[in-house]
Amino acid sequence: MQIGEVAERTGLSLRTIRYYEEVGLVVPSARSQGGFRLYTEPDIDRLQLIKRMKPLGFQLEEMREVLAILDPVPGSPPVADPAGRLAEFSGAAEQACRDLRAKLTAAEEFSALLRAHRERLPDADSPART
């Protein structure tokens, strides 16, 4: 499939997919005669994996290493002690999830505070405010 369909299926922008190709995280499986990038289901799975790492704060080199362990492709760099590295990455992911949950809790509390204050104010359209 072409990059537009991949973008639609993954929720990633064309620019992001091209960037991931530029830095070597994902490579289209083929090119059409016209030079268009062509992707397969495994390519989409790889992009989804990258997409999951991004909000957890994984850096490009870390993503590259995780991909080399979980989804190796020809030319993937060898990883010394893959089990140990996966344990480290797992711990980092779990900590990032805890941090994100804490941020979400704070955001929800603030949103509730604003909602409560808004509900106490007279309606902006009511004649009592004029």
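**Figure 1. Burial and overall form of the protein chain.** In this predicted model, buried residues make up 24% of the 130 residues in the protein chain. The chain holds 5 helices and 2 strands, and, read along the sequence, these elements follow the pattern α-α-β-β-α-α-α. The radius of gyration is 22 Å, well over the 14 Å that the globule rule gives for 130 residues, so the chain is more spread out than a compact globule. Along its principal axes, the C-alpha trace spans about 70 × 45 × 20 Å.

**Figure 2. Surface, charges and contacts of the protein chain.** The accessible surface comes to about 9,000 Å², and 56% of that area belongs to carbon and sulfur atoms. The chain carries 18 positive and 20 negative side chains, with the centres of the two sets lying 4 Å apart. Among the contacts with a sequence separation of 6 or more, 45% are made by residues that are 24 or more positions apart.

**Figure 3. The largest nonpolar core.** In soluble globular proteins, nonpolar side chains tend to be buried together. In this model the largest nonpolar core has 19 residues, and those with the most contacts inside it are I17, Y20, L47, I50, M53 and F58. The elements that give two or more residues to this core are α1 (3-10), α2 (14-22), α3, α4 and α5, and the largest share, 4 residues, comes from α3.

**Figure 4. The surroundings of L47.** L47 is one of the residues with the most contacts inside the largest nonpolar core. When its neighbours within four places in sequence are left aside, L47 is in contact with V6, T10, L12, I17, Y20 and V26. Two of these partners, I17 and Y20, are likewise listed among the residues with the most contacts inside the core.

**Figure 5. I50 in helix α3.** I50 lies in helix α3, and because its relative accessibility is 0%, I50 counts as buried, the cut-off for burial being under 20%. Not counting residues up to four places away in sequence, I50 touches Y20, L25, V26, M63 and L67. The C-alpha atoms of I50 and L60, which are 10 residues apart along the chain, are separated by 9.5 Å.

**Figure 6. Helix α4 and what covers its buried residues.** Helix α4 comprises residues 60-70, and within this helix M63, R64, E65, V66, L67, A68 and I69 are buried. The cover over the buried residues of α4 includes α3 (41-53) and α5 (82-120). Of the buried residues named here, M63 and L67 are also touched by I50.

**Figure 7. D81 in the loop between α4 and α5.** D81 has its place in the loop between α4 and α5, where its relative accessible area of 52% means that D81 is exposed, since the cut-off for exposure is over 50%. Most residues other than glycine have a negative phi. The phi of D81, however, is near 55°, a positive value in a residue other than glycine.

**Figure 8. Q33 in the loop between the two strands.** Q33 is found in the loop between β1 (30-31) and β2 (37-38), and with a relative accessible area of 91% Q33 is exposed. Measuring along the sequence and through space gives two separate views of its position: Q33 and Q48 are 15 residues apart in sequence and 27 Å apart in space, C-alpha to C-alpha.

Methods:
Residues are numbered from 1 along each chain as its sequence is written. This is a predicted model: local features need pLDDT of at least 70, side-chain atom pairs count only at pLDDT 80 or more; totals for chains, interfaces and linings use all residues. Side-chain values use heavy atoms; hydrogens and water are left out. Buried means under 20% relative accessible area, exposed over 50%, partly exposed in between (1.4 Å probe, protein chains only). Contact means heavy atoms within 4.5 Å. A nonpolar core is a set of buried Ala, Val, Leu, Ile, Met, Phe, Trp, Tyr and Cys residues joined through side-chain atoms within 4.5 Å. The radius of gyration is taken over C-alpha atoms; the globule rule is 2.2 Å times the number of residues to the power 0.38. Accessible areas come from the Shrake-Rupley method with a 1.4 Å probe; for residues, only the protein chains shown count as cover. Lys and Arg count as positive and Asp and Glu as negative; His and the chain ends are not counted. The place of a charge is taken as NZ of Lys, CZ of Arg, CG of Asp or CD of Glu.
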